[in-house]
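Student: I would like a close look at one enclosed space inside this model. Please stay with that part and whatever it leads to.

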Amino acid sequence: MSHYQPGILATPVPPQARHMFFALESAAALPAALDNLMRLVDGQSAVVGFGESLVKALHGQIEGLRPFPALTGVGVDNPSTQHALWCWLHGVDRGELLNRSNAIEAALAPALRLVQMNETFRHLTGHDLTGYEDGTENPHDEAAVAAALVGEGAEGQVGGSFAAIQQWQHDLKGFNAMPSHEKDNIMGRRLSDNEELDDAPISAHVKRTAQESFAPEAFVVRRSMPWIEGDRAGLMFLAFGFSLDAFEAQLRRMSGLEDGITDGLYRMSRPITGGYYWCPPLKDGRLDLRALRVG
């Protein structure tokens with residue numbers, strides 16, 4: 001029986017995490033690298049996602065998987081920095097995560113080369129660095145399973161999930177200098193009590209991304225976490241869905257491609273990366289790669 005990688009839906013987000021992004025270097029070395037990966041990854045403390053280029057290198061096909069689109073909207077750009085493989089490591093100790101990430105990097109060489117690594121962390125009880133709570137509208141329990149996981153389809157794909165990842169860089173100094181009501185209007189919620197503002201402008205982030213306002217409804221499960229690198233900081237946005245369509249519909253509306261109105265979030269933050277990945281299910285406690293003709 002197939003099961004999903006449990007780290008996808010585990011709550012709350014982990015205290016510490018690492019996002020590792022790999023490029024394909026040697027297709028001939030892939031069988032050994034994937035065998036090593038399957039021994040190191042449990043789907044709980046490490047979630048794995050495959051980019052379309054890696055799926056094609058393995059002569060597989062995952063329905064609905066595609067590269068992240070470089071979307072240019074009304075005065076905004078959403079870049080694509082698509083990679084072959086993504087690993088999301090969970091933990092409570094940064095040193096332990098360092099050792100695990102080094103082990104995974106070594107195990108995947110020379111087939112795959114680490115090209116980007118981002119450390120993230122849980123802020124307060126799951127807040128963005130702006131102080132606003134993240135993921136308030138997340139579905140829960142059975143609704144989360146329905147939103148995040150593939151419920152039917154080919155063997156080796158049921159229980160899988162699609163991950164959309166964007167690293168957003170915030171202008172925290174500029175945002176913090178704004179009056180409180182202006183900040184609330186950007187988010188569409190009050191910072192003081194997290195309540196949604198009925199009179200927020202149409203550009204408010206909450207109104208731009210209201211999941212039930214799309215046709216079909218665009219529900220995803222968000223697992224975003226903040227990041228800090230020197231004097232740069234922001235949010236590593238991460239959303240899981242049974243397809244990539246819901247996230248992409250939200251991103252297009254945020255970018256003003258639906259009605260010409262840009263999400264207020266772009267006033268204080270900009271995405272600097274973007275990638276799509278397929279997260280295979282588990283079978284007997286191991287990654288189920290039958291859909292990729294592996295294992």
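How do the residues of the lining of the largest cavity divide into nonpolar, polar and charged?

Tutor: This is a predicted model, and the lining of the largest cavity in it divides into three nonpolar, six polar and no charged residues. The lining consists of Phe21, Thr81, His83, Gln116, Ile165, Thr273, Gly274, Gly275 and Tyr277. Phe21, Ile165 and Tyr277 are the nonpolar members. Glycine counts as polar in this scheme, so Gly274 and Gly275 belong to the polar group. The volume of the largest cavity is about 40 Å³, and two cavities of 30 Å³ or more are counted in the model.

The lining draws on several elements. Phe21 falls in strand 2 (residues 16-24), Gln116 in strand 7 (residues 112-121), and Gly275 and Tyr277 in strand 13 (275-279). Ile165 belongs to strand 8 (161-170). UniProt, in an unreviewed entry, lists residues 127-282 as "domain: Dyp-type peroxidase C-terminal". Ile165, Thr273, Gly274, Gly275 and Tyr277 fall inside that span, whereas Phe21, Thr81, His83 and Gln116 precede it. Residues 127-282 are 22% helix and 23% strand, and the C-alpha atoms at the two ends lie 30 Å apart.

Strands 2 and 7 are also tied by a salt bridge. Arg18 pairs with Glu119, with the closest N and O atoms 3.7 Å apart. Because Arg18 lies in strand 2 and Glu119 in strand 7, the pair ties together parts that are 101 residues apart in sequence. Arg18 is buried, at a relative accessible area of 8%, while Glu119 is partly exposed at 24%. Arg94 is linked with Arg18 and Glu119 in a network of salt bridges. The structure holds 18 salt bridges.

Strand 8 leads on to the second cavity. The second largest cavity holds about 30 Å³ of space. Phe162, Ala163, Ala164, Val220, Ala239, Phe240, Gly241, Ser243, Leu244 and Phe247 line it. By class, these are eight nonpolar, two polar and no charged residues; the polar two are Gly241 and Ser243. Strand 8 and strand 11 (232-241) each supply at least two of the lining residues.

Phe247 takes the description into helix 8 (residues 245-254). Seven of the ten residues of helix 8 are buried, so helix 8 is largely enclosed by the rest of the structure. The buried residues are Ala246, Phe247, Glu248, Gln250, Leu251, Arg253 and Met254. The cover over them includes strands 8 and 11, as well as strand 4 (71-72), strand 5 (77-78), helix 7 (205-208) and strand 13. Strand 8 and strand 13 thus appear both in this cover and in the lining of the largest cavity. After helix 8 comes Gly256, with a positive phi near 85°.

Helix 7, part of that cover, borders a loop with a salt bridge of its own. Arg189 and Glu137 meet there, at 2.6 Å from N to O. Arg189 sits in the loop between helix 6 (180-187) and helix 7, and Glu137 in the loop between strand 7 and helix 4 (141-148), so that the pair links distant parts of the chain, 52 residues apart. Arg189 counts as buried at 9% relative accessibility, whereas Glu137 is partly exposed at 45%.

Notes: Residues are numbered from 1 along each chain as its sequence is written. This is a predicted model: local features need pLDDT of at least 70, side-chain atom pairs count only at pLDDT 80 or more; totals for chains, interfaces and linings use all residues. Side-chain values use heavy atoms; hydrogens and water are left out. On a 1 Å grid over the protein atoms alone, a cavity is a set of points where a 1.4 Å probe fits but cannot get out, and a pocket is an open set with protein on both sides within 12 Å along at least five of seven lines; lining residues have an atom within 4 Å of a point. Grid points are joined across faces, edges and corners, and a volume is the space filled by probe spheres set on the points. Helices (H or I, at least four residues) and strands (E, at least two) are DSSP runs, numbered from the N terminus. Buried means under 20% relative accessible area, exposed over 50%, partly exposed in between (1.4 Å probe, protein chains only). Contact means heavy atoms within 4.5 Å. UniProt positions are given in the numbering used here, feature names are shortened, and annotations may be inferred rather than shown by experiment. A salt bridge is a side-chain nitrogen of Lys or Arg within 4 Å of a carboxyl oxygen of Asp or Glu.
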